[in-house]
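Trainee: I have a new model open and would like to go through it with you. Start wherever you like.

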Amino acid sequence: MAQKPVLAVADLTVQFGEDVVLSGVDFSIGAGERVCITGRNGSGKSTLLRVLAGAIEPDQGTVWRGETVRIASLEQTLPAGTDVSVYDAVAAGVADRGAQLSEYRRLAEQLDELGAADRMAELQQEIERTDGWALDYEIQSVISRLSLPADAKLAELSGGWRKRIAIARSLVVRPNVWLLDEPTNHLDIPTVQWLERELLEFEGTLVFITHDRELMRSVGNVFVDIGLGHLRRYACGYSTFVERRNHDDEVLAAQERRLDARLAEEEAWLRSGVKARRTRNEGRVRMLDTLRARRAERRQRGVLQLEMDAGARSGTVVKEFEGVSKAMGDHRVIRNLDLTIRRGDRIGLVGANGAGKSTLIRLLLGELTPDAGQVRSGTRLEHAYYDQQRSSLDPEKSVADTIADGREYVTINNRDIHAVTYLRSFMFTGDQARAPVRVLSGGEQNRLLLARLFSLPANLLVLDEPTNDLDVDSLELLEQLLLEYSGTVLLVTHDRAFLDNVVDSILVLDGVGGVVQHVGGYTDWLRSGGTFPADSMPGFQVTGAVRSAAEAPDKASAPRQDRAARKVARAAARELERLPGRIEAIEERIAALEEQMGEPGFYQQPHTEQQKVFSAKEALESELQVLYERWETLEAEAEAE
């Protein structure tokens, strides 16, 4: 049975100047669907999400929203690092009512100021009239659920914490339709895992854009692919979606090849000279004009073509840490680390925000000096550093000058390549190459950073979150490049699939100084029993802690560990209590689909309609199996206690 639609668009067209982003799009989103929007960078994914949210108006067509729909949006852009408190930033998600609560809280701390008491009395009446105290409870509940420091200033917090605040701000309106644009950017892996569970447990409708393939696989049950301004909808799981989309792309490519061949034939006929002009076959000339128009309308999809200059071969030992310790203030980040990085190693850094990944990178690059021990560098070492904050980009420089430093050519693997030609390999047009960096979008700036990085002769790559804002095709090409790269790679990313596909070992940082190296990728580490510390995830804690080769914690840390253990037990108990209800709901949905499949007219429907039901049932059965396994695990842990 088809879900009742909550959002729909008809004949939707959006263009910016002469660039048509979406053209004649029609589709609807059903209640309870978890819709993942996919497509190349610049294909219009974020534009479509903003149209659904009402943030921009289409140039043509209509957008329909159900009467009971409450939409919340999570934008890519982080909240600015200002002096606004976390409470005020979250309360801003409910506009005027939130502003009243924020003002009341500020005045409560300034009662000695003239007029503060009178203004508080006015606010109290207005808050009570609009049921604002219930909203205050909701704000504080969401802040607590995401483990946010309510009174901290945004300027004091990292990008990962500000992303959590943005999530809280979108949740506080209690939406039944949640729109999320790249929600995993700036998050660490523990928080990505928490977000994954939050999305799976969300009872409304989800529409999200992400490059995280694991998130797509676990959360999405409908996929909407945007390409060349048009849209294709697939009601199935991620693996099936990839197979069907690739098949459709092959069919489309074959059609385009036939069109090109036909056009070439007609162009040859027109150029055949006197005979063609004498016959004056007007019908054939009109058909040629039509073919030309169709080809002109076909917008070619850019392909990211990557090549890297691996520089000179480094020595066998690239970096050696011997007894290295480092504290940042009172926080011990690295403790007694012994580590050897050898030529050709591809190492991933894993840990919660604040666990010390950036500190370890800065020690490796020589930007920090250890408090104890030493870091030795190998011979003939040339490094290149990818900075997720884009601090190395000058916004006033042109894109070409950023790559070539004012020269016309860049040298890659001893070959001179024109800067504009090189930039075309990274999907930049000639006009963009001459434009200043500040006019580029976030994703385009990330591509520019990669283009600059790959133009440097380097035998050690240090990559800090290189996957942010890249589409899946570009991610897969980047993976292939790193696998073929002959140098050494040190990688920080929250993309679990990227880690599995690229690295041959991971360094796990536990946040209290311990660093453990594990051979294999992220999934290998999980299978070996690896888990994050219980207090590294907001709202939901995973059982256990990262195994550490560091010395045993001192007595002062014992109370903290006891509290963490109690939090884990309570979280597990709450999850165990909720699981039967979730399982029952999914079983009811499967039974409804089976009943639909048993109806006499079911197999008289078109194959595509039948397949939608089969795919939905398959996705629900997979989810049900995961829940049953989780239930068994939690029950076993509860009995063991």
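Mentor: Start at G366, just after helix 12, where phi is positive at about 85°. Helices (H or I, at least four residues) and strands (E, at least two) are DSSP runs, numbered from the N terminus.

Trainee: Before we go on, what are the ground rules?

Mentor: This is a predicted model, in which local features need pLDDT of at least 70 and side-chain atom pairs count only at pLDDT 80 or more, while totals for chains, interfaces and linings use all residues. Residues are numbered from 1 along each chain as its sequence is written, and side-chain values use heavy atoms, with hydrogens and water left out.

Trainee: Back to helix 12, then. How many of its nine residues are buried?

Mentor: Seven, which leaves helix 12 (residues 357-365) mostly covered. Buried means under 20% relative accessible area and exposed over 50%, with partly exposed in between (1.4 Å probe, protein chains only). The buried residues of helix 12 are K357, T359, L360, I361, L363, L364 and L365.

Trainee: What share of the 641 residues in the chain is buried?

Mentor: Buried residues make up 48% of them. The secondary structure of the chain comes to 21 helices and 20 strands. Of the contacts with a separation of 6 or more, 69% join residues 24 or more positions apart. Contact means heavy atoms within 4.5 Å.

Trainee: New topic, the sheet at the start of the chain. What is its strand order?

Mentor: The order is 2-1-4, an open sheet of three strands with antiparallel pairing. Strand 2 (19-30) and strand 4 (60-65) are the edges; each has a single partner strand, so one side of each has no neighbour in the sheet. From one strand to the next, the twist averages 15°. Two strands count as paired if DSSP finds at least two bridges between them.

Trainee: How many bridges join strand 1 and strand 2?

Mentor: Eight, in the antiparallel sense. P5 stands opposite G30 in that pairing. The two strands form a hairpin with two residues between them, and G17 in the turn has a positive phi of about 65°.

Trainee: And on the strand 4 side, how many bridges?

Mentor: Five, again antiparallel, between strand 1 and strand 4. Two positions to look at are L7, opposite R65, and V9, whose bridge partner is V63.

Trainee: What lies across those strands?

Mentor: Helix 1 lies across strand 1, strand 2 and strand 4, and runs at about 125° to strand 1. Axes are lines fitted to C-alpha atoms, for helices over the stretch in contact, and angles run from 0 to 180 degrees between N-to-C directions.

Trainee: Take T47 in helix 1. Is T47 buried or exposed?

Mentor: T47 is buried, with a relative accessible area of 14%. Leaving aside neighbours within four places in sequence, T47 is in contact with V14, F16, V21, L22 and I56.

Trainee: You mentioned glycines with positive phi. Which residue in strand 1 has a positive phi although it is not a glycine?

Mentor: D11, with a phi of about 50°, and D11 lies in strand 1 (residues 5-16). Most residues other than glycine have a negative phi. D11 is partly exposed, with a relative accessible area of 36%. S147 also has a positive phi, near 55°. S147 sits in the loop between helix 5 (132-145) and helix 6 (159-171), and is partly exposed at 35%.

Trainee: Last topic, holes. How many cavities of 30 Å³ or more turn up?

Mentor: A search of the whole structure finds two. On a 1 Å grid over the protein atoms alone, a cavity is a set of points where a 1.4 Å probe fits but cannot get out, and lining residues have an atom within 4 Å of a point. The largest cavity has a volume of about 60 Å³, a volume being the space filled by probe spheres set on the points, which are joined across faces, edges and corners.

Trainee: Which residues line the largest cavity?

Mentor: S46, L49, R50, A53, S73, L74, E75, L179 and D181. Helix 1 gives the largest share, four residues. Helix 1 (45-53), strand 5 (71-74) and strand 6 (177-181) each supply at least two.

Key
On a 1 Å grid over the protein atoms alone, a cavity is a set of points where a 1.4 Å probe fits but cannot get out, and a pocket is an open set with protein on both sides within 12 Å along at least five of seven lines; lining residues have an atom within 4 Å of a point.
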